[in-house]
There are 2 protein chains.
Amino acid sequence: MNSQGLFQLIQKKRSFLCIGLDSDIGKIPKHLLEKDDPVFEFNKRIIDNTHELAIAYKPNLAFYESNGSKGWKSLEKTIEYLKKFEVFTIADAKRGDIGNTSAQYAKTFLENLDFDSVTVAPYMGEDSVKPFLAFENKWVVLLALTSNKGAFNFQFLKDSKSGKAFFEEVLTQSRQWGNTDNLMYVVGATQAEMLGGIRAIIPDHFLLVPGVGAQGGSLQEVAKYGLNKQCGLIVNSSRGIIFASGEKDFAEKANGQASLLQQQMESILRENGLI
Amino acid sequence: MNSQGLFQLIQKKRSFLCIGLDSDIGKIPKHLLEKDDPVFEFNKRIIDNTHELAIAYKPNLAFYESNGSKGWKSLEKTIEYLKKFEVFTIADAKRGDIGNTSAQYAKTFLENLDFDSVTVAPYMGEDSVKPFLAFENKWVVLLALTSNKGAFNFQFLKDSKSGKAFFEEVLTQSRQWGNTDNLMYVVGATQAEMLGGIRAIIPDHFLLVPGVGAQGGSLQEVAKYGLNKQCGLIVNSSRGIIFASGEKDFAEKANGQASLLQQQMESILRENGLI
């Protein structure tokens, strides 16, 4: 799927919602724990009840690895199940290593598991990111400005030569490594006011925006500063949707929360002439 | 194991060698592929033939994840096997995420798999690293200056306020988050001349030094600039040892290569009055 395909999906579903499958086995409803693969059962029910409202799903690897090889089985079954639906898939893995090692990670997520995209950490530079860009019709989602407090430790340090913040250097340099059809960026919703400056550097790239909901980011603010002519935004909500209820009605409650966000997104798309 | 324990292990084995178990199933000797778990069989033979020469082993997660849930089984068996020996274990995972997610990664590697340490990427700052430091007798190995070419993209950008390079900011800020008994740093051997400046910032921390061997770093240079009063160095070699031969004699050849490095290390330790 290229950026045009993403935009068409957004227009069709009148949504730019990504649902984060942070499916912590310690937090899923207790009655599922009797099942053979509780995490997959949980994901399946969430997906069944939200796939018309969301354009993308993003399992965060941490919550699968913590169950060891069983967790990887849950992940394998989840991505296989997601393939049945018209959705963009993101492996939220935040990987990055020297070239030959990054190539292995890329193969894992983009070929073996066949995700559409994988999140990558920029610290190790170009040769740690490039191997992920070598897969046709696949995407790198590069960390730029994250939604957590720790973003202020390093991401805002200002380079003495260019005068740019470190995350702006990440944007400026890395946009040369790929293009608007295989590279997008993580920009936290908690930093929505920064989106204007970011759009000045990368007007046409898609942004994956976490932090709406549990982390406190505002959808209106994100849209105000971040929309472009192809929408250009994929806004993620994880806990706010998947853990909307811890009881047997979890999937219906997830549908309710996703529905609220989809409706807000539909209004935003309409107001901006994008649908 | 604290830093004193690490130093005692170094003195006992007269070595500061770490062996990187980058056990790529595409590169291990063909005759092992008939086995039930070729990667574990490979690791077991490597460990059996080198554990007297090495103080640490470092499986790189990329090479296990690329085999999916089977790869995680190989990793689980490898760490269990490593526990039989007096060695320090490093999960080379380069993880890092927002706090609640980092806590899951930390649990995976330091509790479930029970590694002694895990490598962590610094880009997301303090709250992405701290959850890894919450485990008693366990270590964070934080990326500072990496051994690849891409290190020059961002790690050397100079902060306009402090005048420090970005990797020096990582060292300066992060040394406050932990201490010399739970925090060490990755510093690439290909940047050995930088070790003097690094030692000025963190004189007492252990450094994990990759890049000797296949990547071209020099052990003598690393020792010259990096040694401290507890040795303070763990030098890693991966491909140069484990793939010294692609034939049935791979484990003996690995022993030969590890032995050469151990002998050089013994000389260095002796010359510097550390044994």
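This report describes a predicted model with chains A and B, taking in turn the relation of the chains, two helices and some backbone angles.

**Relation of the chains**

Chain B is brought onto chain A by a turn of 180° with a shift of 0.0 Å along the axis, and the RMSD is 0.0 Å. This is the relation of a two-fold axis. The contact involves 48 residues from chain B and 48 residues from chain A. On the side of chain B that touches chain A, the elements giving two or more residues include H3, helix H4 (68-82), strand E3 (88-95) and helix H8 (166-174) of chain B. H5(B) gives the largest share, seven residues. By class, that side of chain B holds 16 nonpolar, 19 polar and 13 charged residues. The copies meet through the same surface, because 100% of the interface residues of chain B are also interface residues in chain A.

**Helix H5 of chain A**

Helix H5 (residues 99-112) of chain A has 14 residues, which at 1.5 Å a residue should span 20 Å; the end C-alpha atoms are 18 Å apart, in agreement with this. H5(A) has a bend of about 25° at A:Ala106. A:Ala106 is also one of the buried residues of H5(A), along with A:Thr101, A:Ser102, A:Gln104, A:Tyr105, A:Thr108, A:Phe109 and A:Leu110. The cover over these buried residues comes from both chains: it includes strand E3 (88-95), strand E4 (117-120) and helix H6 (126-129) of chain A, and helix H3 (62-65) of chain B.

**Helix H10 of chain A**

The buried residues in helix H10 (residues 219-226) of chain A are A:Leu219, A:Val222, A:Ala223 and A:Gly226. They lie on the same side of H10(A), because the arc they cover around the axis is only 95°. An α-helix has 3.6 residues a turn, so residues three or four places apart point the same way. The buried residues of H10(A) pack against helix H9 (195-201), strand E7 (207-209), strand E8 (233-237) and helix H12 (250-271) of chain A.

**Positive phi angles**

Most residues other than glycine have a negative phi. The table lists residues with a positive value.

| Residue | Phi | Place |
|---|---|---|
| A:Arg14 | near 50° | loop between helix H1 (3-13) and strand E1 (17-21) of chain A |
| A:Asp114 | about 60° | just after H5(A) |
| A:Asn137 | near 60° | loop between H6 and strand E5 (139-145) of chain A |

A:Arg14 counts as partly exposed because it has 18 C-beta neighbours inside 10 Å. A:Asn137 has 11 other C-beta atoms within 10 Å and is therefore exposed.

Methods
Residues numbered from 1 in each chain as written. Chains lettered and ligands numbered in written order. Predicted model: local features only at pLDDT ≥ 70, side-chain atom pairs only at ≥ 80, totals over all residues. Helix = DSSP H or I, 4+ residues; strand = E, 2+ residues; numbered from the N terminus. Expected span 1.5 Å × (residues − 1). Bend = angle between axes of the 7 residues up to and from the residue. Buried ≥ 20, exposed ≤ 12 C-beta atoms within 10 Å, placed from the backbone. Contact = placed C-beta atoms within 7 Å. Least-squares fit on C-alpha atoms with pLDDT ≥ 70 in both. Arc of directions from axis to C-beta. Nonpolar A, V, L, I, M, F, W, Y, C, P; charged D, E, K, R; others polar.
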